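Let's take a walk through this structure, one stop at a time. Keep the 3D view open and turn it as you read.

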Amino acid sequence: MSDLVDNTKYQISWWRPSWDKNPLQVILLIALVIRVLAAIFSKGYAFHDDHFDVIRVAQDWIDGIPHWIADDIPPNHSMFYVGINATFIYILESLRIVDPQIKMIFIRLVHAFYSLLVVSLIYKITELLSGKEEAKLAGLLTALLWFFPYLGVKNLVEMVCLPPLLAAFYYVLKRPEKLSSWLFAGMLFGLSFVFRYHIMILTGGLGIVILLKGKWRESIAIIVGFLLVVLVIIGIPDVIFWEYPLQSIVAYFDYNANNAFNYSTGPIYRYFLTVMGFTVPPVSVFLLVGFIRSRKVSPELWWAAILFFVVHSLFPNKQERFIIPFFPFFIILGSIGWYQLVKTSSGWWSSKVFLKYSWNLFWLMNVIAGFALAFTYSKKDRIEPLSYLESTADVKSLIVESASSNIKEVPAYYLGKNTSNYEELFWKFTGKAELVKNKGYLADDYRVIFEKSKNESIETLKCELDFVEKVPSHVIMIREENLIERQLALNTLFPDKKMVFEKAITPSLFDKLLHVLNPRVHKDETAFVFRLEPR
């Protein structure tokens, strides 16, 4: 690769033979190392959905709780992906691996190896469209771009959908002659869609290009393959648990249409800033210039990516993770367009000094940030109190109390098997409280987490405790604000017991950094663990 684009000429000499002969193997090794580190050390969850709409539900299914499937309408998330994770949990528990943190290490390791497919496919697609030098750049970007290793080991459907999606595009770009290959590509698109419904936009962009080229038979083959997978994986469960095939898809888009403004919103240019920031200036500018120039390199990729980006930019609900599937297309086409620009023309972009220092700074920042994230404990203040109690105490049930008006959802999974939040267990089964009771979910070995916010009265909490007929053994108090007064209020529920302080758990450095950057969303909350014992 030209030293205008990367710094491979500065590599240690013993790397050079491998780099020159098998660059993909070297790139995959680099990607594997940082992803395995992230799998082992990056505890916690990145967002809300990658835990509460995947791992929590998967564990509930293993514990016999009909999460989602007892609802009147299908969920807004992939049951198929939850089922895969439930299978992992079942296998691990069959091997007597029940510690929640250890189970998560195994699950993250599976995702680490799975995410290597993204690196490999981006390399192969780039090489197919342009050449080995451009593929080296795209592969290294995917291997080391600061957020890719970290998110690659998390339970994000936006990341999990990428391998089948990129594999499908790879098959299409090879221009196969057999219709069976187009059918298989359609099945891969269907598999990606099953993980993340928004992938339909990318598939639609590709379909428009194929139809404009007059490839009707190929288009039909893709549609048939797509529908086969979707009808089997989504349609059959919908008929079993609800009313009609593909009801999940209808319910999903209906929910999003009616709740478009109820989540994080932003201006139309928000995702543009996200993409430019996440790919780190000035390299993000290089990739943008390359992407704009690459329309003719692959109309299939370019128009699919543009349609996906425009639709998400126009839709009110804008969460950063939604745009993740755009990045592989931006990297592939941006790398090709930029490399060809530097190679074939002159201008500010051909300055060797400027390019050298730009790329040196880029790789330095990404390596530092990537490895820092690999050792990050996200949401520590919410998870670690439960992990501490799971490993050190015989917890019957517990109370999570906060000085704030709203309590962030408690990740009950980390307290161990057979655990649920009171609100989850009874709000989810509204009108079925007695049924839940009779099902045995409140047996002696079943633990319930009660929550009390600043706005909730002691009387309400007492009613919940009386209904479940469980006496908490521990209390977790969030924030130091008015701690003594809050203790005295809780003590009125247990006049024959006293609260004995055990441990204070502070947020991780990463959580503290997020608090500094956005204190409105990310709170700096210390958790205080108390045990209840007789006076």
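Start with a loop. Val297 sits in the stretch that links helix 15 (283-293) to helix 16 (299-314). Keep in mind that what you're looking at is a predicted model. Is Val297 buried, exposed or something in between? Its relative accessible area is 25%, so it counts as partly exposed, the class that runs between 20% and 50%. Setting aside residues up to four places away in sequence, Val297 touches Leu129, Ile336 and Gln340. Now look for Ser120: Val297 and Ser120 are 177 residues apart along the chain, and their C-alpha atoms are 20 Å apart in space.

Next, hop over to Asn366, which you'll find in helix 18 (residues 352-374). What surrounds Asn366 once its neighbours within four places in sequence are left aside? The answer is Leu144, Leu145, Trp146 and Val280, which are all in contact with Asn366. With a relative accessibility of 1%, Asn366 counts as buried, because the cut-off for that label is under 20%.

Now for some helix pairs. Take helix 9 (residues 162-173) and helix 11 (residues 199-212): their axes are 12 Å apart, and the angle between them is about 5°. That makes helix 9 and helix 11 roughly parallel to each other. Which residues do the touching between helix 9 and helix 11? From helix 9 come Leu165, Phe169 and Val172, and they meet Ile199, Leu202, Leu206 and Ile210 of helix 11. Sorted by class, this contact of helix 9 with helix 11 has seven nonpolar residues, no polar ones and no charged ones.

The second pair is helix 10 (residues 179-195) with helix 12 (residues 216-241). Here the axes come within 7 Å and cross at roughly 40°, so helix 10 and helix 12 are oblique to each other. The crossing of helix 10 past helix 12 is right-handed. Plenty of residues take part, if you want to trace them: on the helix 10 side they include Trp182, Gly186, Phe189 and Phe193, and on the helix 12 side they include Arg217, Glu218, Phe226 and Ile233. The contact of helix 10 with helix 12 divides into 16 nonpolar, three polar and two charged residues.

Last stop: the sheet. It's an open sheet of six strands in the order 2-3-1-4-6-5, and the pairing is mixed. At the edges are strand 2 (419-421) and strand 5, each of which pairs on one side only. From one strand to the next, the twist averages 25°. There's also a helix resting on this sheet: helix 22 (residues 458-468) touches strand 1 (398-402) and strand 3 (447-452), and its direction makes about 170° with that of strand 3.

Zoom in on strand 6 (residues 527-534) to finish. How does strand 6 pair with strand 4 (residues 474-478)? The two run in the antiparallel sense, joined over five bridges, and one thing to look for is His474, whose bridge partner in strand 6 is Arg531. Strand 6 also pairs with strand 5 (residues 497-505), in the antiparallel sense over eight bridges. There you can spot Lys498 standing opposite Glu533 of strand 6. As you follow a regular strand along, its side chains alternate between the two faces of the sheet.

Notes:
Residues numbered from 1 in each chain as written. Predicted model: local features only at pLDDT ≥ 70, side-chain atom pairs only at ≥ 80, totals over all residues. Heavy atoms only, no water. Axes fitted to C-alpha atoms, helices over the stretch in contact; angles between N-to-C directions. Helix = DSSP H or I, 4+ residues; strand = E, 2+ residues; numbered from the N terminus. Parallel < 35°, antiparallel > 145°, perpendicular 65-115°, else oblique. Left-handed = near helix turned anticlockwise from the far one by under 90°. Contact = heavy atoms within 4.5 Å. Nonpolar A, V, L, I, M, F, W, Y, C, P; charged D, E, K, R; others polar. Buried < 20%, exposed > 50% of the residue type's maximum accessible area, 1.4 Å probe, protein only. Pairing = 2+ DSSP bridges.
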